[in-house]
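Please read the points below with the coordinates open beside you. They are meant as a colleague's commentary, to be checked one by one against the structure.

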Amino acid sequence: MGLFGKKNETDPEPTTAPLPMSGIKSGTTFLGQGLSVQGRIGGQDDVVILGSHEGEIEVNGQLEIQEEANVRGHIRAKTMVIKGRVEGSIVADQKLNIFYTARITGSITTPVISVQEGAEFEGEVKMHKSGSE
């Protein structure tokens with residue numbers, strides 16, 4: 001803007017940056033790659049973790065732990081996608097997808113699990129009927 005609110009022809013038009021991933025639902029929360037958080041994360045919406053978290057995570061939506069992420073503690077979500085490192089207890093109420101880049105140490109409880117070849121896991125897996133845990 002020019003002086004006194006007049007539009008200056010050299011001012012660029014404001015733009016909106018697109019989300020970094022397609023298919024992201026409104027209300028999704030991102031923990032950025034450069035962030036490190038300790039404590040509890042909880043809520044109803046989806047959460048995508050790119051950084052580091054130590055503590056408890058409990059969401060009623062989908063929890064996605066990206067390749068660069070490191071998570072330590074108890075995590076629980078309706079559905080979960082793990083591509084990064086997790087140390088602790090994992091509870092997926094409906095489904096857990098583990099990608100080949102995942103490195104997991106701890107316990108897993110879920111009714112449905114999918115593990116890609118190449119994923120690393122050390123611990124125990126408990127399968128249960130959905131809603132019984």
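The numbered points go from the chain as a whole to its pocket, its salt bridges and a few single residues.

1. Before anything else, please keep in mind that this is a predicted model. The protein chain contains zero helices and nine strands, and from the N terminus on its elements run β-β-β-β-β-β-β-β-β.

2. On burial and surface, 31% of the 133 residues of the protein chain count as buried. The accessible surface of the chain comes to about 8,300 Å², and 48% of that surface belongs to carbon and sulfur atoms. As for contacts along the chain, among those with a separation of 6 or more, 5% are made by residues 24 or more positions apart.

3. The largest pocket holds about 190 Å³ of space. It is lined by 14 residues, and those closest to the centre of the pocket are Asn70, Val71, Arg72, Arg85 and Glu87. Two or more lining residues are given by each of strand 2 (36–43), strand 4 (52–65), strand 5 (70–82), strand 6 (85–98) and strand 7 (103–110). Sorted by class, the lining has three nonpolar, six polar and five charged residues.

4. How many salt bridges does a search of the whole structure find? The search finds five, and three of them are described in this point and the two that follow. In one, the side chains of Arg40 and Glu56 meet at 3.8 Å, N to O. Arg40 belongs to strand 2 and Glu56 to strand 4, so this pair ties together parts that are 16 residues apart in sequence. Arg40 counts as exposed because its relative accessibility is 55%, whereas Glu56, at 28% relative accessibility, counts as partly exposed.

5. In another salt bridge, the side chains of Glu64 and Lys83 meet at 3.7 Å, N to O. Glu64 lies in strand 4, while Lys83 lies in the loop between strand 5 and strand 6, so the pair ties together parts that are 19 residues apart in sequence. Are these two partners buried or exposed? Glu64 counts as buried at 13% relative accessibility, and Lys83 is likewise buried, with a relative accessible area of 17%, since the cut-off for burial is under 20%. Leaving aside neighbours within four places in sequence, Lys83 is in contact with Glu64, Ile65, Gln66, Glu67, Phe99, Thr101 and Ala102, so that the salt-bridge partner Glu64 appears in this list under the contact criterion of heavy atoms within 4.5 Å.

6. A further salt bridge joins Glu87 to Arg72, with the closest N and O atoms 3.5 Å apart. Glu87 lies in strand 6 and Arg72 in strand 5, so the pair ties together parts that are 15 residues apart in sequence. Glu87 is partly exposed, with a relative accessible area of 39%, and Arg72 also counts as partly exposed, at 45% relative accessibility. Both residues were named above among those closest to the centre of the largest pocket.

7. Ala119 deserves a look in the loop between strand 8 (113–115) and strand 9 (120–127). With a relative accessible area of 23%, Ala119 is partly exposed. Ala119 and Thr101 are 18 residues apart in sequence, and their C-alpha atoms are 5.7 Å apart in space. Not counting residues up to four places away in sequence, Ala119 touches Ile98, Phe99, Tyr100, Ala102 and Arg103. Phe99 and Ala102 are also among the residues in contact with Lys83.

8. Ile113 has its place in strand 8, and at 29% relative accessibility Ile113 counts as partly exposed. The C-alpha atoms of Ile113 and Asn97 are separated by 6.0 Å, although these residues are 16 residues apart along the chain. Which residues is Ile113 in contact with, once its neighbours within four places in sequence are left aside? They are Leu96, Ile98, Ile108 and Met127. Ile98 is also one of the residues touched by Ala119.

Conventions:
Residues numbered from 1 in each chain as written. Predicted model: local features only at pLDDT ≥ 70, side-chain atom pairs only at ≥ 80, totals over all residues. Heavy atoms only, no water. Helix = DSSP H or I, 4+ residues; strand = E, 2+ residues; numbered from the N terminus. Buried < 20%, exposed > 50% of the residue type's maximum accessible area, 1.4 Å probe, protein only. Areas by Shrake-Rupley, 256 points an atom, 1.4 Å probe, with all protein chains shown as cover. 1 Å grid on protein atoms, 1.4 Å probe; cavity = no way out; pocket = protein on both sides within 12 Å on 5 of 7 lines; lining within 4 Å. Points joined across faces, edges and corners; volume = space filled by probe spheres on them. Nonpolar A, V, L, I, M, F, W, Y, C, P; charged D, E, K, R; others polar. Salt bridge = Lys/Arg side-chain N within 4 Å of Asp/Glu carboxyl O.
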